[in-house]
Amino acid sequence: MPNLPPGPSSKLGTLIRYLRDPIGCMVPLAQRYGDPFSFPGDPPLVCTGDPAGIKAIYTAEPDTFAPLSGDLSVFLGQRSLILLGGAEHRRLRRLTMPPFHGARMRAYGEAMCRLAEQRAADFRRDQQVTVHEVAQQISLDIILQAAFGVSEPARMAELSRLLLDLIDGISPLIALFPSLRRELGGVGPFAAFLRRQRRLHEHLDALITAARAAGPRDDILSLLVHARDEEGQPMTDEELRDQLILLVVAGHETTAISIAWALYALHRPENAAALERLRAELAALGRDPEVEALDRQPYLEAVCQETLRRYPLAPAPGPRKLLRPLELMGYTLPAGVGVAAAIGVAHFREDVYPEPLCFQPERFLERKFTPFEFLPFGGGARRCLGAAMAFYEMRLVLGTILRRYRLRLASLRPDPGKVRAANVGPAHGVRMIVEERLA
Ligand code: HEM
């Protein structure tokens with residue numbers, strides 16, 4: 001490829017480095033090769049963590065890019081907005097966006113706190129809990145209730161089983177090797193996956209039909225069913241089904257990982273002062289604070305921001321493929337190449353975040369960062385659709401757990417993180433011991 005920034009030449013070697021240390025591997029690459037640098041691949045991926053480079057990507061005309069997500073439509077559906085580009089992406093995004101506006105989140109606040117309380121109610125003194133698993137159950141409960149308005153335990157359990165069955169059914173073999181995606185007379189992992197997919201689709205289709213027949217409600221499904229595009233057209237049943245699956249897939253593992261990282265970081269001995277300051281802030285709220293009071297706590301918010309900075313979920317989120325040349329920091333990148341804003345570099349710049357490896361929530365109280373310096377939810381036309389929901393949920397669930405329990409880490413060994421499907425999460429799920437239930 002002509003005139004690409006320098007970078008490592010071995011695709012396999014770079015992949016192994018990434019798998020070993022997904023959060024830490026990006027900064028050394030930028031130090032060695034400069035910023036921007038290229039990841040070898042087909043197509044090669046040009047990464048930048050420089051705010052000027054990130055700005056060039058996020059403010060470019062949206063039609064400069066197509067998504068670079070490979071062929072995932074067999075798993076997520078042909079009409080999943082994360083896989084579409086251009087006018088189709090814009091239309092579906094406009095239709096799917098309204099339930100996720102900041103103000104609408106308030107409708108889900110009570111349920112978020114209640115569902116977190118319910119799952120944490122099982123904690124017993126001296127018990128060891130894997131907080132990533134607990135946070136995952138809480139996030140799944142929350143997204144199911146918010147998306148479908150389902151709150152009866154039996155219906156919630158059934159829907160949650162069907163969705164988790166589908167996600168678990170995506171074996172690495174069929175995800176990595178499209179040639180293995182064959183039904184083979186009903187045997188093998190792909191045939192099993194298709195059976196699970198059919199069961200889930202039948203269930204979702206029934207929920208969509210019921211939501212169309214019912215009057216407007218507060219849940220996301222109802223809002224999506226009644227949404228209209230500029231021509232006054234609703235989403236088709238297939239579009240609705242694909243967006244619902246995407247919201248659950250994109251929405252529950254991500255937020256759960258961030259909550260688990262927050263608990264991990266706060267309970268490291270070197271961050272004891274941060275935990276103490278947060279506990280004091282939460283204690284000052286009294287016995288039964290309003291959800292809105294919990295939401296308004298500045299240090300809780302700063303802790304969540306610092307968690308998203310220090311433990312990015314996607315060191316290079318949503319790589320995009322160039323459909324036309326792009327000027328990026330002195331390079332004219334040709335069509336066909338991939339580009340990515342490298343959070344794994346941007347969030348660790350010494351000049352923006354002094355002592356970048358230290359967990360210091362105070363930095364978010366002391367100054368504001370631009371969207372090209374702090375970008376946990378990506379940016380531009382494909383910025384995370386659930387960002388407001390995720391950030392609200394993080395604050396409420398973390399605040400609720402810390403108000404109820406005193407915990408400690410079961411092991412003080414540093415956790416470098418591990419690649420989990422498309423995200424980077426704690427390697428061992430963060431095991432903690434329940435020390436005390438607070439009155
Ligand atoms: C802490 C939790 C989360 C983090 C850190 C996160 C992060 C991200 C990132 C980095 C992207 C790619 C953005 C880009 O390419 O520029 C993304 C996309 C997306 N996220 Fe999230 N996310 C979180 C939670 C959620 C939740 C709760 C939902 C929905 C319920 C959600 C729905 C989506 C969707 C639909 C997209 C695709 C947007 C598009 O392509 O237009 N995410 N997220």
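Q: Which helices are included in what covers the buried residues of α5?
A: In this predicted model, helix α5 spans residues 86-96, and its buried residues are His89, Leu92, Arg93, Leu95 and Thr96. Seen down the axis of α5, these fall within an arc of 160 degrees, so they line one face of the helix. What covers them includes α11 and α12 (237-266).

Q: Is leucine 224 buried or exposed?
A: Let's stay in this neighbourhood for a moment. Leucine 224 sits in helix α11 (residues 220-225). Setting aside neighbours within four places in sequence, leucine 224 touches Leu95, Thr96, Pro99, Met235, Leu240, Leu244 and Leu247. Its relative accessible area is 0%, so leucine 224 is buried.

Q: What distance separates the C-alpha atoms of leucine 224 and alanine 260?
A: Along the chain, leucine 224 and alanine 260 are 36 residues apart. In space, their C-alpha atoms are separated by 30 Å.

Q: Which residue is the only protein donor of the iron atom of the ligand?
A: Look in the loop between α17 (363-366) and α18 (387-404). The donor atom there is an SG, at 2.3 Å from the iron. The residue that provides this only protein donor is Cys384.

Q: Which residues of α3 are buried, and why can they be said to line one face of the helix?
A: Helix α3 covers residues 51-58, and its buried members are Pro51, Gly53, Ile54, Ile57 and Tyr58. As a reminder, an α-helix has 3.6 residues a turn, so residues three or four places apart point the same way. Down the axis of α3, the buried residues line one face because they fall within an arc of 160 degrees.

Q: Which strands and which helix are included in what covers the buried residues of α3?
A: The buried set to be covered is Pro51, Gly53, Ile54, Ile57 and Tyr58. Their cover includes the strands β2 (45-48), β3 (65-67), β5 (320-322), β6 (326-328) and β8 (338-341), and the helix α16 (343-346).

Q: Which residue caps the N-terminal end of α3?
A: The cap comes from the loop between β2 and α3. One of its side-chain oxygens lies 2.8 Å from the backbone nitrogen of alanine 52. With 18% relative accessibility, this residue is under the 20% cut-off, so it counts as buried. The capping residue is aspartate 50.

Q: Which residues does aspartate 50 contact, leaving aside its neighbours within four places in sequence?
A: The side chain of aspartate 50 also reaches alanine 52, at its backbone nitrogen, but that residue is among the neighbours left aside. The contacts that remain are Asp35, Met329 and Arg349.

Q: What is the phi of methionine 329?
A: Methionine 329 lies in the loop between β6 and β7 (331-333). Its relative accessible area is 30%, so methionine 329 is partly exposed. Most residues other than glycine have a negative phi. For methionine 329, phi is positive, at about 50 degrees.

Q: What is omega for the peptide bond from aspartate 35 to proline 36?
A: Proline 36 is in the loop between α2 (26-33) and β1 (37-39). Most peptide bonds are trans. The bond from aspartate 35 to proline 36 is cis, with omega near 10 degrees.

Q: What is the order of the strands in the open sheet of three strands?
A: Three bridges join β4 to β12 (residues 431-437), and five join β9 to β12. β4 (128-130) and β9 (405-409) each have a single partner strand, so they stand at the edges, with one side left without a neighbour in the sheet. The pairing is antiparallel, and the order is β4-β12-β9.

Q: Which side chains of β9 point to one face and are buried?
A: In a regular strand the side chains alternate between the two faces of the sheet. Along β9, Arg406 and Arg408 point to one face and are not buried. Those that point to the other face and are buried are Tyr405, Leu407 and Leu409.

Q: Which residue in β12 stands opposite leucine 407?
A: Leucine 407 belongs to the buried set of β9. Strands β9 and β12 run antiparallel. Across from leucine 407 in β12 is valine 434.

Conventions
Residues are numbered from 1 along each chain as its sequence is written. This is a predicted model: local features need pLDDT of at least 70, side-chain atom pairs count only at pLDDT 80 or more; totals for chains, interfaces and linings use all residues. Side-chain values use heavy atoms; hydrogens and water are left out. Donors are N, O and S atoms within 2.8 Å of the metal (3.2 Å for Na, K and Ca); water is not among the atoms, so sites may look incomplete. Helices (H or I, at least four residues) and strands (E, at least two) are DSSP runs, numbered from the N terminus. Buried means under 20% relative accessible area, exposed over 50%, partly exposed in between (1.4 Å probe, protein chains only). The arc is that of the directions from the helix axis to the C-beta atoms. Contact means heavy atoms within 4.5 Å. A polar contact is a pair of N or O atoms within 3.5 Å; within protein, one must be able to donate a hydrogen and the other to accept it, and residues adjacent in sequence count only if both atoms are side-chain atoms. Two strands pair if DSSP finds at least two bridges between them.
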